[in-house]
Amino acid sequence: MKSILRNLLAVLLFSVSLSAFAAPDAQSLLQHADRARGGGLPGIVWEIRLVSRDGAKVSDEQRLEVRAVDDASVAETLEPVRFKGSKLLQVGRNMWLTRPGLSKPIPISPRKRMSGQASNGDIAATNYAGDYEAQLAGEETVDGEACHVLELTAKHKRATYDRVRYWVSARREVGVKAEFYSLSGKLLKTARFDYGNTIEYEGKRIPFVSRMTIRDALIDAETTMDFGTVKVRKIPAAEFDLGQMQ
């Protein structure tokens with residue numbers, strides 16, 4: 001009898017040991033990482049300063065304010081003055097552009113480039129978990145930091161990219177590096193993320209992205225987006241009402 005109990009206990013301990021070292025859930029990792037980019041929060045506001053470089057040519061700086069909830073966002077241009085008041089509205093999987101003087105909002109694609117290497121979706125979309133199916137593809141280090149490597153496949157044609165290879169820090173649970181691919185597997189762009197901002201939510205301090213640098217995979221061109229004045233606050237639903245933009 002004692003022998004049987006010892007064997008049962010050994011099997012139980014082995015099962016517990018296996019579960020402790022089980023592979024992390026890829027979709028949960030992605031949801032955690034999204035918080036540091038504004039995803040999954042009840043409401044958040046931040047500013048972006050965006051500068052693009054193509055070879056030696058540097059564009060004028062753009063400044064935008066982004067207001068976002070879990071499945072909707074609006075990015076409003078503050079500078080330069082000639083574009084002031086332009087808005088990029090994203091609701092679910094749809095996106096529109098409006099500018100002062102336009103009679104009605106124009107439907108646009110998240111994949112269309114807004115400025116330099118930054119697509120509309122890079123500006124307005126905050127929720128990779130809503131747009132992509134994630135699978136764990138291994139473990140690697142990025143600048144000496146242990147990372148889970150996720151393969152993200154677009155759930156629908158309105159996602160900004162067809163496929164993304166995404167490195168998520170094992171310790172900080174934030175995305176630190178990304179590669180963006182076409183449906184044919186062609187590498188289009190790469191991105192690196194820094195997290196110098198912090199937000200407070202549900203009594204916890206959460207790192208928030210402070211810089212995203214997007215580089216073209218084929219030419220010497222890049223766009224840098226600096227994120228600042230980040231605040232978690234409730235945003236009226238009217239902010240995301242297409243009818244209010246007309």
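Here are four short exercises, with worked solutions, on the predicted model shown above.

**Exercise 1. Find where confidence is lowest and where it is highest in this protein.**

Step 1: Begin with the overall picture. The mean pLDDT is 88, and 91% of the residues reach 70 or more.

Step 2: Now go element by element. Helix H1 (residues 2–20) has the lowest confidence, with a mean of 47, while S11 has the highest, at 98.

Step 3: Look inside that helix. Over residues 7–20 pLDDT stays under 50, and the model has zero contacts for them beyond four places in sequence.

**Exercise 2. Work out how the buried residues of helix H2 are arranged around its axis.**

Step 1: List them. In H2 (residues 26–35), the buried residues are Ala26, Gln27, Leu29, Leu30, Ala33 and Asp34.

Step 2: Look down the axis of H2. These residues fall within an arc of 155 degrees, so they line one face of the helix.

Step 3: Recall a general rule. An α-helix has 3.6 residues a turn, so residues three or four places apart point the same way.

Step 4: See what covers the buried residues of H2. The cover includes helix H4 (128–131) and strands S10 (132–142), S11 (145–154), S12 (163–169) and S13 (175–181).

**Exercise 3. Describe the largest nonpolar core and name the residues with the most contacts inside it.**

Step 1: Take its size and its best-connected members. The core has 52 residues, and those with the most contacts inside it are Trp46, Ile48, Ile123, Leu152, Tyr166, Phe193 and Met225.

Step 2: Follow one of these residues outward. Leaving aside residues up to four places away in sequence, Trp46 touches residues including Leu64, Val66, Phe208, Phe227 and Val230.

Step 3: Check for another core. A separate one has nine residues, among them Val45, Val74, Leu89 and Phe240.

**Exercise 4. Explain which parts of the chain the salt bridge between Glu61 and Arg49 ties together.**

Step 1: Find the pair. The side chains of Glu61 and Arg49 meet at 2.6 Å, N to O.

Step 2: Place each partner. Glu61 is in the loop between strand S2 (57–58) and strand S3 (62–69), and Arg49 is in strand S1 (residues 44–54), so the bridge ties together parts 12 residues apart in sequence.

Step 3: Check exposure. Glu61 is partly exposed, with a relative accessible area of 37%, and Arg49 is partly exposed too, at 36%.

Step 4: Set a second pair beside this one. Glu145 and Arg172 form a salt bridge with their closest N and O atoms 2.8 Å apart. That pair links strand S11 to the loop between S12 and S13, 27 residues apart. Here Glu145 counts as buried, at 18% relative accessibility, whereas Arg172 is partly exposed, at 32%.

Note on methods
Residues are numbered from 1 along each chain as its sequence is written. This is a predicted model: local features need pLDDT of at least 70, side-chain atom pairs count only at pLDDT 80 or more; totals for chains, interfaces and linings use all residues. Side-chain values use heavy atoms; hydrogens and water are left out. Buried means under 20% relative accessible area, exposed over 50%, partly exposed in between (1.4 Å probe, protein chains only). Helices (H or I, at least four residues) and strands (E, at least two) are DSSP runs, numbered from the N terminus. The arc is that of the directions from the helix axis to the C-beta atoms. Contact means heavy atoms within 4.5 Å. pLDDT is the predictor's confidence in each residue, from 0 to 100. A nonpolar core is a set of buried Ala, Val, Leu, Ile, Met, Phe, Trp, Tyr and Cys residues joined through side-chain atoms within 4.5 Å. A salt bridge is a side-chain nitrogen of Lys or Arg within 4 Å of a carboxyl oxygen of Asp or Glu.
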